[in-house]
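I opened this structure to take notes for a reader new to it. My entries follow, topic by topic.

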Amino acid sequence: IALAQCASAFLGNAALLPQIHQNLVRKSPGDYSALTAGLACAGCTVRLYTTVRLAASDPILLAGFSASFTCNFTLLVQVLWYGGRGGAAVAAVNPVRRLRAPPMGRQIKLKAHEAELRNTCSEPFE
């Protein structure tokens, strides 16, 4: 049972680490909600309390729930620190940039290419 408890704690926390890293790199929580992170912290706090009170302070459970609380608290701090701007913050960092008009030299080349296409296409070109 102890091995299964350790594996569960490891997998649960390992699932949060990529989100923590991504938030750190992007400097944005993305769509991760403060409510989600807060409720996860509250849940871990309740688990820690009940483990101490009812499970005779089982060290494996305490370690797992403490690690979960730490990861969830880190996510909560990131959401609060980076402003919880949601999708707007991700869009600002997203590598897909807004389309802009090409520089003047490229516009001239594009117009020349369009004229060439008009001459070779049988259908009207708009």
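**Overall layout.** I looked up the order of elements first. Read along the sequence, the chain runs α-α-α-α-α-α. I counted six helices and zero strands. I note that this is a predicted model.

I then checked burial for the whole chain. The chain has 126 residues, and 21% of them are buried. Next I looked at contacts with a separation of 6 or more. Of these, 75% join residues 24 or more positions apart.

**Helix H4.** I turned to H4, residues 59-81. How many residues does H4 have, and what does it reach from first C-alpha to last? H4 has 23 residues and reaches 32 Å. That is close to the 33 Å expected at 1.5 Å a residue.

I listed the buried residues of H4. They are Gly 64, Ser 68, Cys 71, Asn 72, Leu 75, Leu 76, Gln 78 and Val 79. What do they pack against? I found H1, H2 and H3 as the partners of these buried residues.

I also looked just past the end of the helix. Gly 83 comes just after H4, and its phi is positive, about 100 degrees.

**Phe 65.** I stayed in H4 for this one, since that is where Phe 65 lies. Is Phe 65 buried, partly exposed or exposed? Its relative accessible area is 22%, so Phe 65 counts as partly exposed. The cut-off for buried is under 20%.

I wrote down its contacts, leaving aside neighbours within four places in sequence. Phe 65 is in contact with Cys 44, Arg 47, Leu 48 and Thr 51.

Two C-alpha distances went into the notebook as well. Phe 65 and Asn 13 are 52 residues apart in sequence and 9.4 Å apart in space. Phe 65 and Tyr 49 are 16 residues apart in sequence and 9.9 Å apart in space.

**Thr 51 and Tyr 49.** I moved to H3, residues 34-54. Thr 51 has its place in this helix, and Tyr 49 does too. Which of the two labels, buried or exposed, fits Thr 51? Thr 51 has a relative accessible area of 4%, so it is buried. Tyr 49 is at 53% relative accessibility, so Tyr 49 counts as exposed. Here the cut-off for exposed is over 50%.

I then listed what Thr 51 touches, not counting residues up to four places away in sequence. The contacts are Ala 56, Ser 57, Asp 58, Leu 61, Leu 62 and Phe 65. I checked its side chain for polar partners too. A polar atom of the Thr 51 side chain lies 2.6 Å from the backbone oxygen of Arg 47.

**Asn 23 and Lys 27.** I looked at H2 next, residues 17-26. Asn 23 lies in this helix. Its relative accessibility is 1%, so I noted Asn 23 as buried. What does Asn 23 touch beyond residues up to four places away in sequence? I found Ser 28, Pro 29, Leu 75, Gln 78 and Tyr 82. Among these, Leu 75 and Gln 78 are on the list of buried residues in H4.

Lys 27 lies in the loop between H2 and H3. I checked its backbone angle. Phi of Lys 27 is near 60 degrees, a positive value in a residue other than glycine.

**The largest pocket.** I kept the pocket for last. I read a volume of about 190 Å³ for the largest pocket. Its lining has 13 residues, and the closest to the centre are Ser 8, Ala 9, Gly 64, Phe 65 and Ser 68.

Which helices each supply at least two residues of this lining? I found H1 (2-14), H3 (34-54) and H4 (59-81). The largest share comes from H4, with six residues.

I sorted the lining by residue type. Six of its residues are nonpolar, six are polar and one is charged.

**Last entry.** I came back to Phe 65 to join two notes. Phe 65 is among the residues closest to the pocket centre, and Phe 65 is also in contact with Thr 51.

Methods:
Residues numbered from 1 in each chain as written. Predicted model: local features only at pLDDT ≥ 70, side-chain atom pairs only at ≥ 80, totals over all residues. Heavy atoms only, no water. 1 Å grid on protein atoms, 1.4 Å probe; cavity = no way out; pocket = protein on both sides within 12 Å on 5 of 7 lines; lining within 4 Å. Points joined across faces, edges and corners; volume = space filled by probe spheres on them. Helix = DSSP H or I, 4+ residues; strand = E, 2+ residues; numbered from the N terminus. Nonpolar A, V, L, I, M, F, W, Y, C, P; charged D, E, K, R; others polar. Buried < 20%, exposed > 50% of the residue type's maximum accessible area, 1.4 Å probe, protein only. Polar contact = N/O pair within 3.5 Å; in protein donor to acceptor, adjacent residues only side chain to side chain. Contact = heavy atoms within 4.5 Å. Expected span 1.5 Å × (residues − 1).
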